[in-house]
Amino acid sequence: MVIKTTAAPLWTSLGTTPNQYPWLDRDLSCEVAVVGGGLAAAMCAYRFAEAGYDVALLSGSPIGGGSTASASGIMSVDGEDSLSALTDQIGADRAMMAAELLREAIDNVESLCASSGSDCGFRRADSLRYAEDAAGAEAVRKEYALRLHNGITSELMDGHTGAEWFTFPMTAGVYSKRAAAMADPYRLVHAVTSLAASKGAKVFENTAVTSLSDEELFTMDEYGQAREGGLTLETSTHRRVTAGYVIIATGAAGGTRIHGTARTEREFDEIRTTYMVATEPVEEFSGWRGPCVIRREGGERLYLTVTPDSRMLIGGLDSLLVDEKGRVAGLLNLGERHSDRRYEELEMKLRDMFPAIRDITPEYVYAARDARTKDSLPVIGHMPNSSGLPAADRVAYALCGGDNGILYAEIAGRLLLGQYEGQDNKELGLFSPGRAWRVKH
């Protein structure tokens with residue numbers, strides 16, 4: 001099988017850029033600086049600007065041009081890891097708290113899409129987590145019991161009932177109504193950024209923040225008295241931004257240096273490459289009930305969804321050793337052959353799972369870098385004091401990688417605003433960079 005498709009992310013290939021913003025061409029002072037150009041940055045900028053704060057958003061690339069452009073667009077109460085697996089990692093109370101936050105975030109994203117006046121392709125969906133073997137089936141049954149006892153309406157399927165709804169074999173499956181959603185992440189990030197700008201946020205593209213320091217944290221006034229100043233951000237446009245509070249929302253790809261040391265990548269436990277295939281639009285989804293968001297339990301990561309314009313999108317088969325450009329450790333170039341093999345595997349899996357769907361024709365194939373923590377949760381909250389920055393409590397992370405990046409971005413904006421305004425928010429303990437309960441392997 002030979003891949004004869006467009007090697008480019010789906011979302012940025014489907015239309016023109018919704019909005020463009022200037023680069024920073026002057027020194028600037030603001031109350032809150034948000035560093036990043038993806039959905040986490042946009043959500044934070046919007047929430048703070050909506051609350052009346054003077055906000056500047058600084059993106060090193062065009063808005064939405066980073067990892068957001070290659071995201072799956074999937075939102076669901078369970079992420080890459082099942083809720084039962086999350087419970088094993090962090091305990092039932094914390095796992096259910098996370099699930100409730102995710103359910104609330106789906107509602108909030110739907111409301112944002114409706115209020116933005118933009119077509120973000122948002123659509124509610126059901127979800128299926130299925131297993132192909134006996135070990136996976138046991139995990140799925142455990143997941144069903146957990147959902148059942150925590151108010152998540154679900155159905156447990158075995159091989160026979162699964163065959164009534166889907167054309168691929170399964171040993172067990174848990175099907176949950178309206179526990180997921182789908183959107184175009186590129187149009188969504190532009191819609192939220194536009195909302196932030198309408199609330200007064202100043203947005204700058206192609207303006208990378210190269211360093212962050214506290215050199216001007218305290219300055220002297222005209223009477224020789226010390227007064228509180230701001231954090232200093234140096235940019236790639238050779239301009240300086242002074243801010244009282246900084247949110248770093250660059251993901252693992254961010255190059256921001258704090259006191260001479262790159263920080264953001266350290267907060268993740270795993271940086272991997274995930275592969276995706278998107279087909280041409282499909283008219284009839286025979287053998288795919290819903291159609292719903294599908295995740296495989298056990299084995300290599302595999303996820304499937306239907307895009308807002310009725311394309312089948314399948315992704316996964318992650319690699320920890322090869323980057324999105326086909327290089328081992330960023331050095332040895334394996335060329336396109338390695339990626340093509342992954343795309344072929346995904347295409348064959350799609351055809352095997354849905355033999356009744358006619359004209360499955362891949363149109364876009366692409367690989368993207370993806371970051372995650374061992375417990376699969378994002379990193380949200382104040383920088384730990386061990387960072388070496390005296391003003392660590394005035395710098396926050398909003399690092400939202402993984403399958404549920406859209407929802408965690410929405411959560412980050414709300415929780416960080418609450419923290420900034422002095423709310424005692426216990427949910428932030430789930431995502432804090434210094435969460436002591438994180439399981440180590």
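This section describes the second largest pocket and the aromatic contacts of a predicted model.

The second largest pocket holds about 290 Å³ of space. Its lining is made up of 16 residues, and those nearest the centre of the pocket are E80, D81, G299, E300 and R301. Two or more lining residues come from each of the strands β16 (293–297), β17 (302–306) and β18 (312–319). The largest contribution is that of β16, which supplies 3 residues to the lining. Sorted by class, the lining of this pocket comprises 10 charged, 3 polar and 3 nonpolar residues.

Aromatic contacts were examined next. Over the whole structure, 14 aromatic pairs are found. One of these is the pair of F166 and Y175, whose ring centres lie 6.4 Å apart. The planes of the F166 and Y175 rings meet at 50°, and the pair is classed as tilted. Both partners are buried because their relative accessible areas, 3% for F166 and 0% for Y175, fall under 20%.

F166 and Y175 also belong to one aromatic cluster, whose other members are Y130, W165, F168, F285, W288 and F354. Two rings of this cluster, those of W165 and Y175, are contacted by R289. The charged end of R289 is positioned over the ring of W165, at 3.6 Å from the ring centre. The charged end of R289 also sits over the ring of Y175, at 5.2 Å from the centre of that ring. Y175 is thus paired with F166 and has the charged end of R289 over its ring.

Definitions and conventions. Residues numbered from 1 in each chain as written. Predicted model: local features only at pLDDT ≥ 70, side-chain atom pairs only at ≥ 80, totals over all residues. Heavy atoms only, no water. 1 Å grid on protein atoms, 1.4 Å probe; cavity = no way out; pocket = protein on both sides within 12 Å on 5 of 7 lines; lining within 4 Å. Points joined across faces, edges and corners; volume = space filled by probe spheres on them. Helix = DSSP H or I, 4+ residues; strand = E, 2+ residues; numbered from the N terminus. Nonpolar A, V, L, I, M, F, W, Y, C, P; charged D, E, K, R; others polar. Phe/Tyr/Trp six-rings, centres within 6.5 Å; stacked < 30°, edge-to-face > 60°. Buried < 20%, exposed > 50% of the residue type's maximum accessible area, 1.4 Å probe, protein only. Lys NZ or Arg CZ within 6 Å of the ring centre and 35° of its normal.
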